[in-house]
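Colleague: Before I use any of these labels, I'd like to hear what stands behind them. Can we go through them one at a time?

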Amino acid sequence: MVDGRMAIAEDLNRNKKGIALNLKHPKGKEMLLSLIDKSDVFLTNYLPGTLKRMGLDFETLHSRNPRLVYASATAYGRKGPESHVSALELTLEAKAGMMMTCGEPDMPPIFLVPGIADRGGAILLAYSVLAALLGRERHGIVQETWTSGLGALITLQSPAVAVTEGTPP
């Protein structure tokens with residue numbers, strides 16, 4: 001940290017403007033809804049069900065702004081036994097099997113690039129948002145799109161998964 005600034009935060013947030021809203025406070029929620037009215041995309045990384053309890057789920061926001069693309073990124077996706085669980089980078093790398101696809105046989109698991117699940121998930125989410133915007137513009141279909149850190153890591157390592165021992169690539 002230099003002069004109260006962190007390089008990673010500067011990298012991830014360059015050229016961005018942001019505000020913080022307390023969505024549990026009526027004025028914070030009101031401000032968010034006024035932004036929703038004129039937005040193309042709503043992006044969240046809240047766990048599944050959290051925004052529904054706050055009245056900020058896809059159906060509710062879509063009824064308010066029928067052109068709104070609703071995009072969500074979570075650790076494990078929207079369905080399944082761990083969908084309501086948050087995760088750290090190391091956990092996702094381990095569960096995706098990435099730590100075991102690197103290094104040499106009989107080595108302990110290796111921690112890879114910090115933030116690869118977050119960045120990979122963000123790239124896949126950006127793709128899904130672009131596809132949803134294209135679908136909206138070309139076909140009038142407005143949709144909700146989801147990605148996960150675990151899914152991103154499995155996608156990124158698919159060549160390693162597809163190649164088994166003794167089989168040429």
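**Pockets, core and strands**

Modeller: Sure. The second largest pocket has 16 lining residues, and G49, D57, Y70, E144 and W146 are the ones nearest its centre. This is a predicted model, where local features need pLDDT of at least 70 and side-chain atom pairs count only at pLDDT 80 or more, while totals for chains, interfaces and linings use all residues. Residues are numbered from 1 along each chain as its sequence is written, and side-chain values use heavy atoms, with hydrogens and water left out.

Colleague: What makes a residue part of the lining of a pocket?

Modeller: A pocket is an open set of points on a 1 Å grid over the protein atoms alone, where a 1.4 Å probe fits, with protein on both sides within 12 Å along at least five of seven lines; lining residues have an atom within 4 Å of a point. G49 is among the 16 residues that line the second largest pocket, so it has such an atom.

Colleague: What volume does the second largest pocket have?

Modeller: About 240 Å³, counted as the space filled by probe spheres set on the points.

Colleague: Why are L23 and F42 said to be in a nonpolar core?

Modeller: A nonpolar core joins buried (under 20% relative accessible area, 1.4 Å probe, protein chains only) Ala, Val, Leu, Ile, Met, Phe, Trp, Tyr and Cys residues through side-chain atoms within 4.5 Å. L23 and F42 are among the 12 residues of the largest one, so both are buried.

Colleague: How do you know that β1 and β2 pair?

Modeller: DSSP must find at least two bridges; β1 (residues 41-44) and β2 (residues 69-74) have 4, in the parallel sense, so they pair. F42 stands opposite Y70 there.

Notes. Buried means under 20% relative accessible area, exposed over 50%, partly exposed in between (1.4 Å probe, protein chains only). Helices (H or I, at least four residues) and strands (E, at least two) are DSSP runs, numbered from the N terminus.
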